[in-house]
Every structure is written in C-alpha cells, then in structure tokens.
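User: I should like to learn how to read the features of a two-chain model, beginning with its symmetry and its interfaces. Could you guide me through them?

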Number of protein chains: 2
Amino acid sequence: MTTRTKRINNVAIVGGTHGNEFSGIYLLRKWQQQASDITRGSFSTQTVFANPQAFEANKRYLDCDMNRQFGLDDLANPDLANYEQSRAKAINAQLGPKGDAKTDFIIDLHNTTSNMGASLILLRQDTFNRQLGAYVKANMADAIVVLEDQVSMTEHHFLCSIADQGVIVEVGPQPQSVIRQDVLDWMDEMTKHILDFIDLFNRNEVPALPATFEAFKYHETLKLPESEQGERIGMVHRNVQDADFKVLRHGDPLFTLFDGTVIYWDGDYEAYPHFINEAAYYDNNLAMSLAKKVTVTV
Amino acid sequence: MTTRTKRINNVAIVGGTHGNEFSGIYLLRKWQQQASDITRGSFSTQTVFANPQAFEANKRYLDCDMNRQFGLDDLANPDLANYEQSRAKAINAQLGPKGDAKTDFIIDLHNTTSNMGASLILLRQDTFNRQLGAYVKANMADAIVVLEDQVSMTEHHFLCSIADQGVIVEVGPQPQSVIRQDVLDWMDEMTKHILDFIDLFNRNEVPALPATFEAFKYHETLKLPESEQGERIGMVHRNVQDADFKVLRHGDPLFTLFDGTVIYWDGDYEAYPHFINEAAYYDNNLAMSLAKKVTVTV
C-alpha cells in the first residue's frame, strides 16, 4: 500500500539547470510572456532559471554538474562552495529545503543529444507517479517513461529531488547550444500534460487511465571502450547510434574501436539503451544507460 | 582558359581546427596508427592538429574562431596575439607562408551540427577543383559539393587558404563534442577519395569523369530573427530543420518566432539552405547559409 500524495499547491518549473540545454531556457522566456500556458486553477506555478552563468558562458556548467549537487550531505556541507554548489544551496533555500520543501512538485527541463524523443523520467513509483506516467502517455502518443527509482527521492542528487515530488523532462536529440523547434514543441507539450495532470489530481478528476503502461527501468551504465591507460579507444557502434529504447541483445554489436574492431554486448538480458552517445557524458567516458522494459500497473 | 595546376608534392591533413569537432581529431589519431590509409606514392602526407588547447578545453576555440584567422593582413599583424591568432601564425609558418606555401594542398576536416552529410567545400573553380569534385561525387554516391569561390583563395580567411590548393571536408550532423561512427566513416571515406584523386592527377591517370555535376554555390547568409534590441526572438522553422540542400522557395516557412508567429521566406530565387541551425553560428546569430544550385562543367 502506498501513501496518498497530498494535494499539490506549489509547482516550480526549472529550466537551464545545464546552461547549454536551450529548450527549457527559451520556454521559460516564452512562458514569462504567456503565463496562461503554465497557469492552472488548483495550484501556483513559478519558474526558475537554474544556471544563468553557465548559459551566459554557453556551457553545461562552470565548475561542476549542477544536477548532481542536491544530495542532503552536499547541501549541508559549507565547504562545497563553487558556483554550481552555491547555486544548488540557493535553489534549495528558494524551493526547499529538501526534506521539508515549500515546493510540492518540481519539473526540471533537460535536453539530450541522444535520440530519446520526449522522455518523462520518474524518480518514484507511487500511485501519483504511476498515474502521471499513464496520463502523459495516454495524451502524448510518442512519450516515453523512464524509471530511475533505484534509490529513494531523498537519496537522489537531482535538483528536482528537493521537493517531495518531482520529475525530469528529457527531450532530444538536440545538439548542445541549439534550439530545435521539434524538440521545443515536445517539451512544451509534455510540460502542459504534467500540469494538466496535477490539476486533475488536485480536483479528484483524474480520468480513467489504462490499467498498465510500458516503461524503461534504469539498470546500469556502460562506459566507452578505454585503453589500460584510460584513453578512449572506441565509439558507439553505428547500429546502436540513435537506437535509444530499441532492444539490445547478447551478441549484438555495441562499440567500434578506432582500429576497426567490433565489440559485442555480452549481457544476459534484453537491454534498452538510452542516453546513447550523450555529449555531456563524455566527461566521464560514459557510452549509454541500459534499462529493462517493464510493465507498470497503474 | 585556366592555369594548369602544378604537381602536388606535399599534402597536409588538418584536424581539430575547432576543438569540439571530434571526427578529424580522432581520424588523425587513427592515421597515426595506420599511416598507410593516407599514404600515396606520388606525394608526401603530414597531419596537423590545429587547435589542441581548444580540444583540451572541449570548446570550439579559446579566444576566437581559428578558421577565420588566415587573412594575409591578419597573419602579418603582430598585434593579433591571442591563442588562435598565435596558432594561425604558427601553422602559417609550418605549412605556408600563405602566397608562397611549402604545402601544395591542405585538407581541413570539420564537423557541423547541421544535416549536411558528407560535403566537400571547394574554394576555387579551376580545372583541378572541378575534376576533384567530379571524382569525389563519382566515387561517393551521397557526397555533396559546395562552392565557396565568391572570393579568391588569397582573400579567404580559412586555414586551408594557406596553400595554393585546399578544401574543407564538412560532415554532419554531429553534435559538438561527440563522435558518431557514421560521420567518422564518411569523413574517412571522403578524405581517401581526395587523396586518391591527387595521386591520379599527379600520375596523369585521372579516369574519364562525368562531363558535368551538380553543386551548391554559396549566395548569402540569413540571420535568426532578432528584436530591435538584438535579442533572439525565434528559431528555424521545423520544416527547414535538417532540410539542408532541399529547395526553399518564395513563401515557404522559414522561421518560427517564440510567440508562434511564422516567418516566410521572401527571396526571389530557388535557394538551397545549408549549415541550417549550426550550433557554432549562434555566436553571430546566424540561421543558415543559402546556395544556388549550379551545374559545374568538368
């Protein structure tokens, strides 16, 4: 049995957590001109531009990835004082504090260079989130739901984990520092469905939803091929490139080394790669995430 | 009548002129291991990593766009002393000097976030370049030839203008700071065809070529929509996104403003957009280049 989520009174929509992911930043600007797009009767909505200095510098971040700075210990550690760590504390003060937040729900808007389409990343699997996932998929044909509920909301280090409820809207493919209209429109639409759902939920008017839906549950992360000295020696195989959420089976081509050697996947389950060849993950030499396909019962 | 191009004795292949265009950088590394790929009997080949500091910083450039620093006046101006300007002078000393270069042919390897496929940018329309374009298109079905011969080689500010003959290999779509295998393979293949052609040319063994081929001749550059205050207020229309080298006619949708207004193209010729929504051109708020389709007689 799950706890009944309380009424949502305050929603924050966050854009520009990464300074070179432009869709959220430009949607915030648009919504400042057209507030009715994000206004609903049963709750208040505010917008937050999380990392304006990184946007100004046209970079993902100045000092460190802001969307990993919201662990409870890190927020409480005064020695973590670089720009993103300081912004994290300021945003936690503004929207939180984490664990007892004045904001009930956070939507954090992100882009990926991967071919992930319009993905809704859920961090909890309670009734509220299951209904939210079902509602968004029912209203947006190509929407994808990703579950990153391997740890509790409190244990997550994401910005949206400040609030008791929060999601990441992850839309691509879009190169860093570019605005694509298709990607912008998908993000706009998915955000509106989320707001619509919260409003219906608050009013106890959630419509009949499908009994189940398909989702992709995070399982593991694969690194790009490295030499013993840690130098990158290969790339994502062309068959896998852009094949986000397409099945990968034992023996399928996975990487191509720069010398031409093909590396095959040796996993023992049906994997669904995503965040394939995401530019930002090269910092840590990550190649992709792997999920398992699951059926969520609403 | 055109001047007969002299025998090509020295070729330089340049990668990493922009530090976040990875294909050329990783191909240089590969060719260091497999020198036979770029070795031909009738000329010597060297490789040059043009902007290692920008690659290290994972940026296009540190101080300014290196591929605009090779004008004769700028190369001779000692006051232009930032990193890229200094590298330009060093590369000019290594491969040039421009106007009397010790290098006969330069291939400069670039990526674009635009959907330009494998594009060969020719900067001159002499017999040599026309044969080269015909040869590459005859041997690589999807290759595209772009003519940027609106000014003379000497007047160009591109790195490859140091030599008497030089081309830009421009391959995409690829996000900045990413390696895509398809894009890497296209660049690898196009470079090999260029080297093969030079070798055949030197030996007077150029095979029979088609009498004509289709190319796209640069005509003008369009800016993204701006307010009177110079703020970006719109984006490339979704119909134009990814439609590089597809015809654009008077009255076709061109931009979408963030308020939803559609802007139509008011030009009076059949235009062929390319470099559509290229990330690097946002610095100058450029939306795309427009070309006219031409038939080149070989």
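Analyst: The discussion below takes symmetry, interfaces, salt bridges and backbone geometry in turn. Please bear in mind that this is a predicted model.

User: Which rotation and which shift superpose chain B on chain A?

Analyst: Two copies of a chain are related by a rotation about an axis and a shift along it. Here, chain B is superposed on chain A by a rotation of 180° with 0.0 Å of shift along the axis, and the RMSD is 0.0 Å. The two copies are therefore related as by a two-fold rotation axis. The contact surface follows this arrangement: the same surface serves both copies, and 100% of the contact residues of chain B recur in chain A.

User: Which residue of chain B comes closest to the rotation axis?

Analyst: That residue is P175(B), whose C-alpha lies 2.3 Å from the axis.

User: How is the interface of chain B and chain A to be described, and what is the area buried between them?

Analyst: The size of an interface is often given as the accessible area lost when the parts come together. Between chain B and chain A, about 2,700 Å² is buried, and carbon and sulfur atoms give 52% of that area. Q181(B), R238(B) and F258(B) supply 22% of the area that chain B buries against chain A, more than any other three residues. In terms of contacts, 32 residues of chain B touch 32 residues of chain A.

User: How many salt bridges and polar contacts does the rule find across the interface of chain B and chain A?

Analyst: Side chains of opposite charge can pair when their charged atoms come close. Across this interface of chain B and chain A there are four salt bridges. One salt bridge joins the side chains of R180(A) and D242(B), at 2.6 Å from N to O. The interface of chain B and chain A also holds 14 residue pairs in polar contact, with both residues at pLDDT 80 or more.

User: Which elements of chain B supply at least two residues each to the side that touches chain A, and how do the residues of that side divide by class?

Analyst: The elements are helix 1 (22–33), helix 6 (181–202) and strand 8 (234–236) of chain B. By class, this side of chain B has 11 nonpolar, 10 polar and 11 charged residues.

User: Where do the domains of chain A lie in the sequence, and what area is buried between them?

Analyst: The same reading applies to an interface within a chain. Chain A is divided into domain 1 (10–210) and domain 2 (222–289), and 27 Å separate the centres of these domains, taken over C-alpha atoms. The area buried between domain 1 and domain 2 of chain A is about 1,000 Å², with carbon and sulfur atoms giving 53%. Here 15 residues of domain 1 of chain A are in contact with 12 residues of domain 2 of chain A.

User: What polar features does the rule find between domain 1 and domain 2 of chain A?

Analyst: The rule finds zero salt bridges across the interface of these two domains of chain A, but eight residue pairs are in polar contact there, both residues being at pLDDT 80 or more. On the side of domain 1 of chain A that touches domain 2, strand 4 (117–122) and strand 5 (144–147) of chain A are the elements that give two or more residues. The residues of that side of domain 1 of chain A divide into five nonpolar, six polar and four charged.

User: How many salt bridges are there over all chains?

Analyst: The count comes to 31 salt bridges over all chains. Among them, R40(A) and D196(A) meet through their side chains at 2.8 Å, N to O. This pair links distant parts of the chain, 156 residues apart: R40(A) is in the loop between helix 1 (22–33) and strand 2 (44–49) of chain A, whereas D196(A) is in helix 6 (residues 181–202) of chain A.

User: Which residues does a cis peptide bond join in each chain, and what is phi of N58(B)?

Analyst: Most residues other than glycine have a negative phi, and most peptide bonds are trans. In chain A, a cis peptide bond joins G96(A) and P97(A), with omega about 0°; P97(A) is in the loop between helix 4 (83–95) and strand 3 (105–111) of chain A. In chain B, a cis peptide bond joins G96(B) and P97(B), again with omega about 0°. N58(B), a residue other than glycine, has a positive phi, near 55°, and its place is in the loop between helix 2 (52–56) and helix 3 (72–76) of chain B.

Key: Residues numbered from 1 in each chain as written. Chains lettered and ligands numbered in written order. Predicted model: local features only at pLDDT ≥ 70, side-chain atom pairs only at ≥ 80, totals over all residues. Heavy atoms only, no water. Contact = heavy atoms within 4.5 Å. Buried area = accessible area lost by both parts, 1.4 Å probe. Polar contact = N/O pair within 3.5 Å; in protein donor to acceptor, adjacent residues only side chain to side chain. Helix = DSSP H or I, 4+ residues; strand = E, 2+ residues; numbered from the N terminus. Nonpolar A, V, L, I, M, F, W, Y, C, P; charged D, E, K, R; others polar. Domains from an automatic or database assignment. Least-squares fit on C-alpha atoms with pLDDT ≥ 70 in both.
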